[in-house]
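Student: Could you take me through one part of this model in detail, keeping to a single pocket and the helix that contributes to its walls? I would like a connected account rather than a list.

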Amino acid sequence: MRIVKFLAAAALSAALVVVTDTHRPFGANVPALGPLFSPFAGFWQNAEPVGREPEWAPAFAALQAPVQVAFDERMVPHIFAENLHDAAFIQGYVTARDRLWQMDFLTRAAVGRISEIIGEQALEYDRGQRRKGMLLAAENALKGWSRSPDETALLQAYSDGVNAYLESLSPADYPLEFKLMGYAPEPWAPLKCAIFFKYMAETLCFRSYDIPASNTLGLLGPELFGQLFPEYNPRQSPIIPETVEWGFEKVPLERAPASSPEMMSGPVRHRQLPQAPDGIGSNNWAVAGSKTATGRPILCNDPHLGLRLPAIWYEVQLSIPGLNAYGVSLPGVPGIIIGFNDQIAWGVTNAGHDVLDWYEVEWADEEKNTYYYDGKPQVVSRLVEVINVRGRQEPVLDTVKYTAWGPVVYEGGGPGQSLAMHWVALSTPEPKPFYEIGTFLRLMQSQGLGDYVDALKGFESPAQNFAFASAAGDIAITVNGSLPLKRDQQGRFIQDGRDPENAWYGFIPRDQIPRVANPEQGFVASANQRSTGQDYPYYYNGKFDHYRGRYINRRLEQMDSITVEDMMALQLDNYSILAEEGAPLLLSLLDATASARKDDPEIEALRSWDFRFEKEAQAPVLFSRWLEETQRLAFDEIYTREDSMELIAPEPWLLLSLLRSEPGHSIFDIQGTGAIETAYEVAVQALESVLKEDLLENWSIYKNTHIGHLARIAPFSIGFVDIGGFGEAPNAIKDDHGPSWRMVVALGEPVEAYGVYPGGQSGNPGSPYYQSMVQQWAEGEYNPLFLMKGPEDRRQPVRFTVVFENGK
């Protein structure tokens with residue numbers, strides 16, 4: 001055994017030499033190797049043998065009573081406390097024990113503080129985060145949360161628990177990344193919880209298309225733009241069934257229509273700040289007992305986020321008198337975000353509504369101290385951002401100007417190039433009894449449909465589709481959050497910042513947001529598609545899915561006597577309606593020509609394809625490339641200019657619609673050829689181009705799914721995962737995005753629940769629990785989720801129990 005340990009240690013030493021020499025985090029300089037390899041304070045201290053039980057059982061004066069924590073075989077903590085304060089304290093403590101570096105790094109990144117760790121390489125990233133106002137967003141959220149005594153106490157107790165763990169560490173005990181990157185963790189505080197929450201809001205609702213849409217409108221003109229960018233897909237299957245009637249009177253928009261929103265002086269030359277990737281989304285659904293084999297509802301959720309190590313989720317059970325819930329938390333935020341108790345289950349997907357608009361600022365003086373608003377000059381407020389940069393003796397100062405709309409994120413470059421941002425996540429919440437943290441606290445305590453409805457009233461941002469099921473037999477879904485009240489078309493393009501009439505009209509009243517309970521169809525579901533049909537009284541715009549939701553609704557409508565295994569299979573389903581509609585259409589265009597490619601082996605394989613993106617299949621590669629190349633040729637007016645300005649391209653559903661119904665549309669004429677092409681020529685040329693490529697690899701190799709380390713440290717990453725899936729299939733796995741947590745909950749006595757995520761409970765690369773569930777996740781396996789009835793419950797294995805005493 002000693003020689004095995006020695007060889008393992010030598011191998012790890014060699015690997016870390018490679019890390020420090022060739023895999024610098026974000027390109028950063030690395031610390032001195034002496035401290036890193038010190039046997040007393042270096043990486044040796046971070047090794048965690050399999051099966052080691054804890055050597056700690058500390059007591060805390062902050063605890064009001066003893067707390068028992070049972071750790072199961074996957075090191076999930078099941079926390080049993082006498083009160084909410086103690087449960088939150090220990091949740092903070094054990095989360096920090098497993099994820100301290102992740103918590104510290106992500107909160108620094110969110111507010112633009114990475115340069116102080118790694119130097120100049122991150123300076124532009126930090127500038128962008130500062131100009132967005134991410135710290136201000138968190139501060140404003142905390143102002144709201146602080147009005148709620150329950151949430152304030154919960155946040156403080158959680159923060160105290162994190163700090164209790166932090167205070168127990170010496171530098172020798174710091175997580176490995178701190179040593180490798182040469183910096184130390186900071187104390188935690190409720191503000192950092194708010195920052196982490198806003199980091200998620202940035203991921204889910206910062207996306208906007210105003211700038212590229214305005215440029216594209218200017219390029220194409222209103223008529224062609226209207227043809228290529230309709231807002232509603234007639235084949236859409238919305239979240240709220242179109243049979244639902246809206247039994248309310250619409251709030252009138254009393255202000256006069258504002259001036260034309262597209263008052264741009266010319267194209268915007270600025271490059272957009274980084275946006276969430278296209279296709280990021282999630283699935284959730286709940287089926288009523290009338291459609292299940294047991295007669296009890298089943299709820300499922302699989303949020304699709306970036307695939308990262310450490311994983312974005314942290315499993316936990318929280319149990320106090322009157323509350324016993326299990327699920328996943330965000331490491332940095334108290335409570336459970338997605339989960340269940342013995343009576344109800346809930347899950348979330350992103351709503352996709354546009355909650356961020358851009359306004360052109362016209363300066364009233366050369367120094368840009370004033371801007372025109374409501375017919376007269378207004379003075380900007382200034383915030384001097386101090387950016388500390390590692391390796392510099394003096395910080396970088398960046399002055400951000402704030403207008404009535406929000407921060408001037410883009411400034412300079414001539415007329416029409418200064419743009420202010422109005423984002424719902426920057427706003428201070430209006431006074432109310434509770435806020436987002438309170439929503440999840442109340443969901444954990446919920447016993448039925450009424451509790452669920454009440455719990456959602458405090459949640460504002462990022463807007464989410466909350467699915468619900470209860471042991472009593474109810475199912476429901478609510479498109480929940482602060483949804484801007486807009487006039488028709490408002491927010492699609494950059495608006496005139498001089499005119500206050502371009503402001504939102506408020507928010508859609510909470511009793512009129514899209515929701516449904518116990519629909520006749522026997523299920524509710526969302527997959528980031530449009531919230532409603534066209535008969536919904538209010539206008540909204542945004543980014544919506546067009547295929548996953550249709551397929552999930554179709555399958556749930558077809559299914560009966562549903563089992564847990566059926567629901568797992570639907571989460572893992574690689575079938576795509578995009579392929580079902582797109583592949584035969586492309587083949588029909590090919591068959592209508594004289595092309596000799598009709599009988600090629602690759603084409604024959606495509607003809608017999610079942611439209612599933614399985615990992616070993618080759619047909620998905622040809623289809624994806626053929627469709628992509630067809631898109632680029634069809635819309636070459638846009639793609640040939642994408643290097644000079646930000647533009648948007650029509651969505652695939654629109655391309656298929658034109659190929660199907662208008663093959664002679666002028667958009668198919670390829671620029672500069674001298675001929676007049678139609679959809680037929682475009683499809684053939686695209687195929688010829690694709691068949692010149694090497695398409696021998698299977699779908700898994702082509703897709704190249706990988707799970708990267710947060711700091712881009714390659715040896716701490718998983719470079720390739722052999723797996724199927726497709727962004728437009730329920731199993732929406734892409735190269736570095738996919739199901740970040742799969743959960744299936746069958747309500748009953750007892751509750752039957754299963755889940756898995758692509759990572760492990762530990763954030764330590766030296767731990768056996770760092771990536772312990774990745775293979776399970778890739779193979780479509782699930783773990784039973786053990787909702788313990790008490791600390792002595794042994795219906796499933798428990799590795800050990802730790803008792804945290806109250807006292808010194």
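Tutor: By residue class, the lining of the second largest pocket has 24 nonpolar, 12 polar and 5 charged residues. The model is a predicted one, and the pocket in question has a computed volume of about 1,100 Å³. Its lining is made up of 41 residues, and those that lie nearest the centre are Tyr125, Tyr199, Thr203, Arg308 and Arg712. Turning to the elements behind that lining, two or more residues each are given by α3 (84–110), α5 (123–132), α9 (190–205), β5 (298–306) and β23 (708–709). The largest share, 5 residues, comes from α3, and that helix deserves a closer look.

Helix α3 also packs against α7, which spans residues 149–167, with the two axes coming within 6 Å and crossing at roughly 50°. An angle of that size falls between the limit of 35 degrees for roughly parallel and the 65 degrees at which roughly perpendicular begins, and α3 is therefore oblique to α7. The crossing of these two helices is right-handed. On the α3 side, the residues in contact include Leu84, Ala88, Phe89, Tyr93, Arg97, Leu100 and Met103, while on the α7 side they include Leu154, Tyr158, Asp160, Val162, Tyr165 and Leu166. Sorted by class, the contact of α3 with α7 has 14 nonpolar, 5 polar and 2 charged residues. Helix α3 thus appears in both parts of this picture, giving 5 residues to the pocket lining and meeting α7 through residues such as Gln91 and Thr95.

Note on methods: Residues numbered from 1 in each chain as written. Predicted model: local features only at pLDDT ≥ 70, side-chain atom pairs only at ≥ 80, totals over all residues. Heavy atoms only, no water. 1 Å grid on protein atoms, 1.4 Å probe; cavity = no way out; pocket = protein on both sides within 12 Å on 5 of 7 lines; lining within 4 Å. Points joined across faces, edges and corners; volume = space filled by probe spheres on them. Helix = DSSP H or I, 4+ residues; strand = E, 2+ residues; numbered from the N terminus. Nonpolar A, V, L, I, M, F, W, Y, C, P; charged D, E, K, R; others polar. Axes fitted to C-alpha atoms, helices over the stretch in contact; angles between N-to-C directions. Parallel < 35°, antiparallel > 145°, perpendicular 65-115°, else oblique. Left-handed = near helix turned anticlockwise from the far one by under 90°. Contact = heavy atoms within 4.5 Å.
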